[in-house]
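Colleague: I would like to learn how to read a structure of this kind feature by feature. Could we begin with the interior and then turn to the charged and polar side chains?

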Amino acid sequence: MTRLTVTRAADLQAGDRIVSVGPTITYRTPRKVAAALAPIAPGSPVLGVRLVNPDPTSPLELVLYPSQVDGLALVIERD
């Protein structure tokens with residue numbers, strides 16, 4: 001497993017585990033990328049990176065948007 005730092009949502013790949021976002025957010029359990037940057041719904045102009053919700057009973061979908069994370073240091077683990 002390799003630890004990398006990326007600064008764009010477009011650099012995330014399915015299967016990556018996000019350890020931290022920027023200088024203030026560190027996850028106790030890394031967040032796993034379910035799908036790389038793509039439209040959030042068929043035909044939508046809005047792009048996002050889908051994450052696996054760590055709580056399988058929750059109906060919430062976790063999505064990172066480029067406007068939220070581009071330019072921040074995202075520390076990830078990649079196989």
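Modeller: Please keep in mind that this is a predicted model. In soluble globular proteins, nonpolar side chains tend to be buried together. Here the largest nonpolar core has twelve residues, namely Val6, Ala9, Leu12, Ile18, Val21, Val33, Val49, Leu51, Leu64, Val69, Leu74 and Ile76.

Colleague: Which strands each supply at least two residues of this core?

Modeller: Strand E2 (17–21), strand E4 (47–51) and strand E6 (74–78) each do so. To see how one member is surrounded, take Leu74, which, leaving aside residues up to four places away in sequence, touches Leu4, Thr5, Val6, Thr7, Leu12, Ile18, Ser20, Val21, Leu64 and Val69.

Colleague: Is Val49 buried or exposed?

Modeller: Val49, which is found in strand E4, counts as buried because its relative accessible area is 0%, and the cut-off for that word is under 20%. Its contacts, again without residues up to four places away in sequence, are with Ala9, Leu12, Val33, Ala35, Ala36, Leu37, Leu62, Val63 and Leu64. A further way to place Val49 is by its C-alpha atom, which is 7.7 Å from that of Ala34, although the two residues are 15 apart in sequence.

Colleague: Now to the charged groups: how many salt bridges does the structure hold?

Modeller: Side chains of opposite charge can pair when their charged atoms come close. The structure holds six salt bridges. One of them joins Glu77 to Arg3, with 2.9 Å between the closest N and O atoms. This pair links distant parts of the chain, since Glu77 is in strand E6 and Arg3 is in strand E1 (residues 2–6), 74 residues apart. The two partners sit in unlike surroundings, for Glu77 counts as buried at 15% relative accessibility, whereas Arg3 is exposed at 53%.

Colleague: Which other side chain meets that of Glu77 in a salt bridge?

Modeller: Arg17 does, at 3.7 Å from N to O. Because Glu77 lies in strand E6 and Arg17 in strand E2, this pair ties together parts of the chain that are 60 residues apart in sequence. Arg17 is buried as well, with a relative accessible area of 16%. Arg17 also forms a salt bridge with Asp79, where the closest N and O atoms are 3.2 Å apart. Asp79 lies in the segment after E6, so its pairing with Arg17 in strand E2 ties together parts that are 62 residues apart in sequence. Asp79 counts as exposed, at 76% relative accessibility. Read together, Arg3, Arg17, Glu77 and Asp79 are linked in a network of salt bridges.

Colleague: I would also like to look at a polar residue in a loop, so where is the place of Asn53?

Modeller: Asn53 is in the loop between E4 and strand E5 (62–64). In such a case one can go through the side-chain partners in turn: the side chain of Asn53 makes a polar contact of 3.3 Å with the side chain of Ser58, and a polar atom of the Asn53 side chain lies 3.0 Å from the backbone oxygen of Leu60. Residues that Asn53 touches, not counting those up to four places away in sequence, are Ser58, Leu60 and Leu62.

Note on methods
Residues are numbered from 1 along each chain as its sequence is written. This is a predicted model: local features need pLDDT of at least 70, side-chain atom pairs count only at pLDDT 80 or more; totals for chains, interfaces and linings use all residues. Side-chain values use heavy atoms; hydrogens and water are left out. A nonpolar core is a set of buried Ala, Val, Leu, Ile, Met, Phe, Trp, Tyr and Cys residues joined through side-chain atoms within 4.5 Å. Buried means under 20% relative accessible area, exposed over 50%, partly exposed in between (1.4 Å probe, protein chains only). Helices (H or I, at least four residues) and strands (E, at least two) are DSSP runs, numbered from the N terminus. Contact means heavy atoms within 4.5 Å. A polar contact is a pair of N or O atoms within 3.5 Å; within protein, one must be able to donate a hydrogen and the other to accept it, and residues adjacent in sequence count only if both atoms are side-chain atoms. A salt bridge is a side-chain nitrogen of Lys or Arg within 4 Å of a carboxyl oxygen of Asp or Glu.
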